[in-house]
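Open the model in your viewer and keep the selection box ready. Each stop says what to pick and what is there.

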Amino acid sequence: MINCIAIDDEPLALELLKDNISKVPFLNLVATCNNAFMAMETMEKYPVDLMFIDIQMPGLTGLQFITSLEKKPLVIFITAYKQYAVESYDLDVVDYLVKPVALERFIKACHRAKELYELKSANKTASNKTVKDHFFVNVDYSQLKITFNDIIWMKGYGDYIKFHLKNAEHPLVVRTSFKELDRELPPNKFIRIHKSYSVAIDAITAIRKNSIFLGDRELSVGETYREDVEKLLRRDS
């Protein structure tokens, strides 16, 4: 499944886009947003592989938003304006659709995105034949190696993350963020349960309504992350 997001400031256009996406079996709609800023917040919480986005939006246009992204997903522009087509292709977008968009044209663009997604996935798999079991962090002007299996849980505060490690008397404090850690931590080994907490899945000993237990330690599950915890339970059941 390709995780996608739909962004348009016109409610009717967003509803139509949502309906079209529901007709494509390999697309999983993560969220709908009516502006780029809402999309930014969503993309910090969920992985997004493909973005359907309008161009003319208040605050930040679709072109400006795509240009601002450090890590770009696949992009399909859906707009009422033809004049931005050349500029959009400089951003290596998958397709440029002009409203109103016929369903068959929309599906054709989605299949093009699917081909590119599968190609990127194949290239990534080929380059990651050796699975990493560690990463490095800056501590006291040195690069310190942390293995994934040593991490029990992490607490974020300000610009720092406190790592609670196995067989370590004290937590390790590192200047970094969860957003940066997401590039290093394998999603099958760790789960974010709160804006301030991320835990090793193997270290979880119990899950209750709004809490996760790591042995005797109880951590609260944030409202935003409850669905992710429920998905973990369904996956392991």
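## Stop 1: a salt bridge across two loops

Select E184: it is partly exposed, with a relative accessible area of 31%. Partly exposed here lies between buried, under 20% relative accessible area, and exposed, over 50% (1.4 Å probe, protein chains only). This is a predicted model, where local features need pLDDT of at least 70, side-chain atom pairs count only at pLDDT 80 or more, and totals for chains, interfaces and linings use all residues. Residues are numbered from 1 along each chain as its sequence is written, and side-chain values use heavy atoms, with hydrogens and water left out.

Add K132 to the selection. K132 forms a salt bridge with E184, and the closest N and O atoms are 3.1 Å apart. The pair links distant parts of the chain, 52 residues apart: K132 sits in the loop between α5 and β6 (134-139), E184 in the loop between α6 (178-181) and β11 (190-194). A salt bridge means a side-chain nitrogen of Lys or Arg within 4 Å of a carboxyl oxygen of Asp or Glu. Helices (H or I, at least four residues) and strands (E, at least two) are DSSP runs, numbered from the N terminus. K132 is also partly exposed, at 47% relative accessible area.

Stay in the loop between α6 and β11 and pick P186. P186 is buried, with a relative accessible area of 16%. Draw a distance to S22: the C-alpha atoms are 29 Å apart, with the two positions 164 residues apart in sequence.

## Stop 2: the whole chain

Zoom out. The chain has seven helices and 15 strands. Its C-alpha trace spans about 60 × 40 × 35 Å along the principal axes. Of the 237 residues, 41% are buried. How many salt bridges does a search of the whole structure find? It finds 11.

## Stop 3: D95 and two arginines

Select D95. Is D95 buried or exposed? D95 is buried, with a relative accessible area of 1%.

Now show R105. D95 forms a salt bridge with R105, with the closest N and O atoms 2.9 Å apart. D95 is in strand β5 (residues 95-98) and R105 in helix α5 (residues 103-127), 10 residues apart. R105 is partly exposed, with a relative accessible area of 32%.

Add R112. R112 forms a salt bridge with D95 too, the closest N and O atoms being 3.3 Å apart. R112 lies in helix α5 and D95 in strand β5, so this pair ties together parts that are 17 residues apart in sequence. R112 is partly exposed, with a relative accessible area of 32%.

## Stop 4: K99 and its neighbor in sequence

Select D8, D54 and K99. These residues are linked in a network of salt bridges. Then step from K99 to P100: the peptide bond is cis, with omega near -5°. P100 is in the loop between β5 and α5.

## Stop 5: two positive phi angles

Why do these backbone angles deserve a stop? Most residues other than glycine have a negative phi, and most peptide bonds are trans.

Select D92, in the loop between α4 (85-89) and β5. D92 has a positive phi of about 60° although it is not a glycine. At 68% relative accessibility, D92 counts as exposed.

Jump to N167, in the loop between β9 (160-165) and β10. N167 has a positive phi of about 60° and is not a glycine either. N167 is exposed, with a relative accessible area of 85%.

## Stop 6: a nonpolar surface patch

Select Y157, Y160 and V173 and turn on the surface. Together they form a nonpolar patch with about 260 Å² of accessible area. Patch residues have over 30% relative accessible area and no salt bridge; like charges are joined within 9 Å, nonpolar side chains (Val, Leu, Ile, Met, Phe, Trp, Tyr) within 5 Å. Accessible areas come from the Shrake-Rupley method with a 1.4 Å probe; for residues, only the protein chains shown count as cover. V173 lies in strand β10 (residues 172-175). At 40% relative accessibility, V173 counts as partly exposed.
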